[in-house]
Amino acid sequence: MSDSSPARPVVIDVWCELQCPDCRTALDDVRALRARYGHRVELRLRHFPLEKHKHSFAAAQAAEEALEQGKGWPFVEAVLDRVEELDRAGEPLLVDVARELGLDAEELDTALVDGRHILIVDADQAEGKAIGVTGTPTYVVDGERLDGGKSQEGLRERVEEITDRLLGDA
């Protein structure tokens, strides 16, 4: 692969659920990967809302609206930082977080009502199931699925190993 075109970033799919305490823990890994690789990787948020968390589907839709408004990851991080509050407060918290981040909170609220992002969330969930995602967080790098739903022990190191190899840093 020695063409002269600029290298494309390595895509790391992060299957996440915004009402999942394990995903909040995984934020440290996401931040570390961002700090280590910068623009050489693209951390792509993928949704995998679980039925046991009744606000997770709405949260995934809200994250898509935040992404459209240019603050997807900041929104995800802010919601995950308040996961217990989301358990209690539900959708009003999503609108509050949007407002705190300077997003158009009314538009986010409208997006939840009109369901404009449901297809994206459904498609992510279907793809996740098809490739064997069973819990969150799960990373997929270069076709390899790394499941953090059971344990996050050594997960970031494994993601870094694969990424270094793909970037030729190994």
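The following paragraphs describe the fold, surface, salt bridges and selected local features of a predicted model.

The protein comprises eight helices and four strands. Along the sequence these elements are arranged in the order β-α-β-α-α-α-α-α-α-β-β-α. The radius of gyration is 16 Å, close to the 15 Å that the globule rule gives for 170 residues, so the protein is as compact as a globular protein of that length. The C-alpha trace extends over about 50 × 35 × 25 Å along its principal axes. Of contacts between residues at least 6 apart in sequence, 69% join residues at least 24 apart.

Buried residues make up 48% of the 170 residues of the protein. The exposed area is about 8800 Å², of which 49% is supplied by carbon and sulfur atoms. The protein carries 21 positive and 36 negative charges, and the mean positions of the two sets are 3 Å apart.

One buried position was examined in helix 2. Residue Q61 lies in this helix, which covers residues 56-68. With a relative accessibility of 6%, Q61 falls under the 20% limit and therefore counts as buried. When neighbours within four places in sequence are set aside, the contacts of Q61 are A111, L112, G115, H117, I118 and V121. Of these residues, I118 belongs to helix 7, which spans 118-130, as does V121.

The structure holds 23 salt bridges. In helix 1, the side chains of R31 and D28 meet in one of them, with an N to O distance of 3.6 Å. R31 and D28 are three residues apart in helix 1 (residues 21-37), and are therefore separated by about one helical turn. R31 has a relative accessibility of 33% and counts as partly exposed.

A further salt bridge involving helix 1 is formed by D29 and R156, whose closest N and O atoms are 3.1 Å apart. D29 lies in helix 1 and R156 in helix 8 (residues 155-167), so the pair ties together parts that are 127 residues apart in sequence. On the helix 1 side, D29 is buried, with a relative accessible area of 11%. On the helix 8 side, R156 is partly exposed at 27% relative accessibility.

Helix 5 (residues 91-100) contains the pair R99 and D96; these two are three residues apart, and about one helical turn therefore separates them. Their side chains form a salt bridge at 3.5 Å, N to O. Both partners are partly exposed: R99 has a relative accessible area of 44%, and D96 has one of 33%. Elsewhere, salt bridges link D13, R44, R46, D124 and E127 in a network.

Several local features were found in the C-terminal part of the chain. The peptide bond joining T136 and P137 is cis, with omega about -5°. P137 is located in the loop between helix 7 (118-130) and strand 3 (138-141). In the loop between strand 3 and strand 4 lies D142. D142 is not a glycine, although its phi is positive, at about 50°.

R145 is placed in strand 4. At 40% relative accessibility, this arginine counts as partly exposed. Residues up to four places away in sequence not being counted, R145 touches I131, G132, V133, T138, Y139 and V140. Among these, G132 is 13 residues from R145 along the chain, and the C-alpha atoms of the two are separated by 8.1 Å.

The loop that joins strand 4 (144-147) to helix 8 contains E153. E153 is exposed, its relative accessible area of 73% being over the 50% limit. Between the C-alpha atoms of E153 and L93 the separation is 31 Å, the two residues being 60 apart along the chain.

Key:
Residues numbered from 1 in each chain as written. Predicted model: local features only at pLDDT ≥ 70, side-chain atom pairs only at ≥ 80, totals over all residues. Heavy atoms only, no water. Rg over C-alpha atoms; globule rule 2.2 N^0.38 Å. Buried < 20%, exposed > 50% of the residue type's maximum accessible area, 1.4 Å probe, protein only. Contact = heavy atoms within 4.5 Å. Areas by Shrake-Rupley, 256 points an atom, 1.4 Å probe, with all protein chains shown as cover. Lys, Arg positive; Asp, Glu negative; His and termini not counted. Charge placed at Lys NZ, Arg CZ, Asp CG, Glu CD. Salt bridge = Lys/Arg side-chain N within 4 Å of Asp/Glu carboxyl O.
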